[in-house]
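Ready to work through a protein model by hand? Have a look at the structure below, then try each exercise before you read its solution.

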Amino acid sequence: MSTEPNQNPPPAAPSPLMRRWWVNLVLLLVVIGLGLFAWKRSDQTQQDDTRLLLTDLKTDAIDRIDIKKADATITLQRNNGVWRLTAPINARGNDFAIESVVHLAQAPSEGRLTPTADDLGRYGLSKPKLVVRLNDSVIEFGDLHPFKDQYYARHGDAIHLVSSGYYAQAAQPYTGFIDTRLLIADSKPVAFKLPGFALTLKDGTWQRAPEDKALSSDRINAFVEEWRHARALNVKASTAAPGKERITITFADDTNKLSTLTLSVLARTPELVLLRADEQLEYHFPAETAQRLLNLRADNPN
């Protein structure tokens, strides 16, 4: 075995010119890759644009939806860009749920045929399970395809196959189309009166009465935000009498005009149930939400 030290010199470090060349090569490959990606996306978009759609109705032109089931009719209407449930009760609309039905108009058709009279019965369309009217366009749902997660849907003189998700969105109970937010979006509270304490906004600062010196302004602001964004798990029509515990919230609009909302606590356990008497609706929350909405202490941060 040789004991002589290695006489080979260490490899020379890449010159600045060589490093720049490698950097430029990497950048060139990145640009080529991005170009290929953009080309593939453009090609895919062109292919998507040629897809057969259930209707030619534009979604932004839809301002009325009627959903007819065997036991109920649901009507949704949009005025000035705001959706409301107008039947079987009148309530603020759940935009997400309603827009899901609106997009039925542009549902991709996975198959199309012109039916004969016998075909209507064969595909469950002689007695449709569900009828959705988008403005004046009528879509009837028949049976679920035996092997695919798609429903037979009739529009005009054709039967299509569309994803079952569209059926599921339209077939939900009317309560699924009610806005679950307790307070109207973007409303500006300026005062709260809750069991045991009150909050008032003075010169941009919330003040608690009776005063609690352990409370930080951040803690109070977080409490107010909890109210502003409170969203129930579900909402139901109510015929219940107002509860004994009352909550009053005062709002100010952009002209500083004041308005007042009164809520009552129907239950704290096993879930928190708040009644909006002005809407005759019950808002159901998890029981722990009661701690966040009804108590304001330094030791119960959100």
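**Exercise 1. Is Phe-197 buried or exposed, and what does it touch?**

Keep in mind that this is a predicted model.

Step 1. Look up the accessibility: Phe-197 has a relative value of 6%. Buried means under 20%, so Phe-197 counts as buried.

Step 2. Place the residue: Phe-197 sits in strand β11, which covers residues 197–202.

Step 3. Skip the neighbours within four places in sequence and list the contacts. Phe-197 then touches Arg-208, Ala-209, Pro-210, Phe-223, Leu-294, Asn-295 and Leu-296.

Step 4. Check one of those contacts for distance along the chain. Phe-197 and Leu-296 are 99 residues apart in sequence, yet their C-alpha atoms are 8.5 Å apart in space.

**Exercise 2. Work out which face of helix α5 is lined by its buried residues, and check the helix length.**

Step 1. Start with the length. Helix α5 runs over residues 217–228, which makes 12 residues, and at 1.5 Å a residue the expected span is 16 Å. The end C-alpha atoms are 17 Å apart, so the two values agree.

Step 2. Pick out the buried residues of α5: Arg-219, Ile-220, Phe-223, Val-224, Glu-226 and Trp-227.

Step 3. Look down the axis of α5. The buried residues fall within an arc of 150 degrees, so they line one face of the helix.

**Exercise 3. Find what Glu-225 and Glu-226 pair with.**

Step 1. Take Glu-225. This residue forms a salt bridge with Arg-228, with the closest N and O atoms 3.2 Å apart. Both lie in α5, three residues apart, or about one turn of the helix. An α-helix has 3.6 residues a turn, so residues three or four places apart point the same way.

Step 2. Compare how accessible the two are. Glu-225 is partly exposed at 34%, and Arg-228 is partly exposed at 29%.

Step 3. Now take Glu-226. Its salt bridge is with Arg-292, and the closest N and O atoms are 2.9 Å apart. Arg-292 belongs to helix α6 (residues 289–294) and Glu-226 to α5, so this pair ties together parts 66 residues apart in sequence.

**Exercise 4. Describe the salt bridge of Arg-92.**

Step 1. Name the partner: Arg-92 pairs with Asp-179, the closest N and O atoms being 3.6 Å apart.

Step 2. Locate both ends. Arg-92 is in strand β4, while Asp-179 is in the loop between α4 and β10 (189–194), 87 residues away.

Step 3. Check burial. Arg-92 is buried at 10% relative accessible area, and Asp-179 is buried at 5%.

Step 4. Put the pair in context. The structure holds 15 salt bridges. Those that share partners join Arg-92, Asp-179, Arg-181, Arg-276, Asp-278 and Glu-279 into one network.

**Exercise 5. Trace the sheet that β4 belongs to, and find its edges.**

Step 1. Write down the order: nine strands form an open, antiparallel sheet, running β4-β3-β2-β1-β6-β7-β8-β9-β5.

Step 2. Read off the ends. β4 (91–92) and β5 (112–113) each have a single partner strand, so one side of each is left without a neighbour in the sheet.

Step 3. Zoom in on one pair. Strands β8 (residues 150–155) and β9 (residues 158–163) are joined by six bridges, and Ala-153 has His-160 in β9 as its bridge partner.

Step 4. Add the helix: α4 (residues 164–171) lies across β1, β6, β7, β8 and β9, at about 85 degrees to β9.

Key:
Residues numbered from 1 in each chain as written. Predicted model: local features only at pLDDT ≥ 70, side-chain atom pairs only at ≥ 80, totals over all residues. Heavy atoms only, no water. Pairing = 2+ DSSP bridges. Helix = DSSP H or I, 4+ residues; strand = E, 2+ residues; numbered from the N terminus. Contact = heavy atoms within 4.5 Å. Axes fitted to C-alpha atoms, helices over the stretch in contact; angles between N-to-C directions. Expected span 1.5 Å × (residues − 1). Buried < 20%, exposed > 50% of the residue type's maximum accessible area, 1.4 Å probe, protein only. Arc of directions from axis to C-beta. Salt bridge = Lys/Arg side-chain N within 4 Å of Asp/Glu carboxyl O.
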